[in-house]
Amino acid sequence: MSSTNSKDKDNPSKRIEYRGKNVRVSRTGGVSATKTFKGDGVGATINTKHGLRLHKRLFKGARMGFQNGNFQFIGRYNSGPFNFNVSKNEFSTSLKNKRGSYNIFKPNYSSFKLGGVQVRGENAATFQMIYMLIILFVNFIKVIWHIFISILWFGFLSIKWIVDFTIGFFKGFREVD
């Protein structure tokens, strides 16, 4: 069974799993049932695999709570191409692009997708670095090209102005005599 809960309907998920409203069956995770109860910024989730989690929303993107007696703090923020993840004892940031994401502080958490095949871990970090270097080189060439065209155009307009000014000056000078 493949997942039908893909965020991108044009590209179906490649994972082997089933996700129902309260049940998830996957190849690696097994079977788990979940039920969430939500209230005014607070919630409780019962999961057959992970136990009971009580959580409170602090503000958009951040929540804190307890799961199996352990304190949790999770914050996820994004700004432009950057994603920031904060937990009670670590911080990470990743740079996303159309081929996946490169985790700056934890490169082994990177992902890379090409031709429908997703690679994760160290290989993905290597592919992401190669991809970003190629994109950087292409954009550098584009910037140099735009600067060159701008300088060429500015030079052409400057020469045209000098020629027009000189012709007008000499025409005006001849009319005075």
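Select Asn-97 in this predicted model. Across from Asn-97, in S10, stands Gly-100. Now widen the selection to both strands. S9 covers residues 91-97 and S10 covers residues 100-103. The two run antiparallel, joined by four bridges. Look at the turn between them: S9 passes to S10 through a hairpin of two residues.

**Next strand over**

Stay on S10 and add residues 111-114, which make up strand S11. Two bridges connect S10 and S11, again in antiparallel fashion. Pick Ser-101 to see one such contact: its bridge partner in S11 is Ser-111.

**One step the other way along the chain**

Select residues 70-79 for strand S7 and residues 82-87 for strand S8. Six bridges hold this antiparallel pair. Click on Ser-79, then on Phe-82: Phe-82 in S8 is the bridge partner of Ser-79.

**The whole sheet**

Zoom out and colour by secondary structure. The chain has twelve strands and one helix. Reading from the N terminus, the strands come one after another and the helix ends the series. Which order do the strands take in the sheet? They run S1-S2-S3-S4-S5-S6-S7-S8-S9-S10-S11-S12, and the sheet is open. The pairing is antiparallel. Strands of a sheet pair through backbone hydrogen bonds.

Go to the two ends of that row. S1 (17-19) and S12 (117-120) are the edge strands. Each has a single partner strand, so one side of each lacks a neighbour in the sheet. Turn the view to follow the twist, which averages 20° from one strand to the next.

**Rings on the strands**

Show the side chains of Phe, Tyr and Trp. How many aromatic pairs does the whole structure hold? The search finds twelve. Start with Phe-59 and Tyr-77. Their ring centres are 6.4 Å apart and their planes meet at 20°; planes under 30 degrees apart count as stacked, so this pair is stacked. Phe-59 belongs to strand S5 (residues 51-59) and Tyr-77 to strand S7. The pair links distant parts of the chain, 18 residues apart.

Switch on the surface here. Phe-59 is partly exposed, at a relative accessible area of 46%. Tyr-77 is partly exposed too, at 30%.

**Rings on the helix**

Move to Trp-161 and Phe-165. These rings are stacked as well, with 5.3 Å from centre to centre and 15° between the planes. Both residues sit in helix H1 (residues 122-176). They are four residues apart, about one turn of the helix. Buried or exposed? Both are exposed.

**A ring cluster**

Select Phe-82, Phe-84, Phe-91 and Phe-105 together. Ring pairs link the four into a cluster. Phe-82 is the residue you met earlier as the bridge partner of Ser-79.

**Charged pairs**

Side chains of opposite charge can pair when their charged atoms come close. The structure contains two salt bridges.

For one of them, select Lys-106 and Glu-90. The N to O distance is 2.7 Å. Lys-106 is in the loop between S10 and S11, while Glu-90 is in the loop between S8 and S9. The salt bridge therefore ties together parts that are 16 residues apart in sequence. Glu-90 is partly exposed, with a relative accessible area of 42%.

For the other, return to helix H1 and select Lys-160 and Asp-164. Their side chains meet at 3.4 Å, N to O. As both lie in H1, four residues apart, about one turn of the helix separates them. Lys-160 is partly exposed at 41%. Asp-164 is partly exposed at 44%.

**Colour by confidence**

Finish with pLDDT colouring. The chain averages 84, and 90% of the residues score at least 70. Among the elements, H1 has the highest mean pLDDT, 94, and S1 the lowest, 74. Now select residues 1-6. Here pLDDT stays under 50, and the model has 15 contacts beyond four places in sequence for this stretch.

**A last wide view**

Show the whole chain again. Of its 177 residues, 16% count as buried. Consider the contacts between residues at least 6 apart in sequence: 7% of these join residues at least 24 apart.

Technical notes: Residues are numbered from 1 along each chain as its sequence is written. This is a predicted model: local features need pLDDT of at least 70, side-chain atom pairs count only at pLDDT 80 or more; totals for chains, interfaces and linings use all residues. Side-chain values use heavy atoms; hydrogens and water are left out. Two strands pair if DSSP finds at least two bridges between them. Axes are lines fitted to C-alpha atoms, for helices over the stretch in contact, and angles run from 0 to 180 degrees between N-to-C directions. Rings of Phe, Tyr and Trp (its six-membered ring) pair if their centres lie within 6.5 Å; planes under 30 degrees apart count as stacked, over 60 as edge-to-face and the rest as tilted. Buried means under 20% relative accessible area, exposed over 50%, partly exposed in between (1.4 Å probe, protein chains only). A salt bridge is a side-chain nitrogen of Lys or Arg within 4 Å of a carboxyl oxygen of Asp or Glu. pLDDT is the predictor's confidence in each residue, from 0 to 100. Contact means heavy atoms within 4.5 Å.
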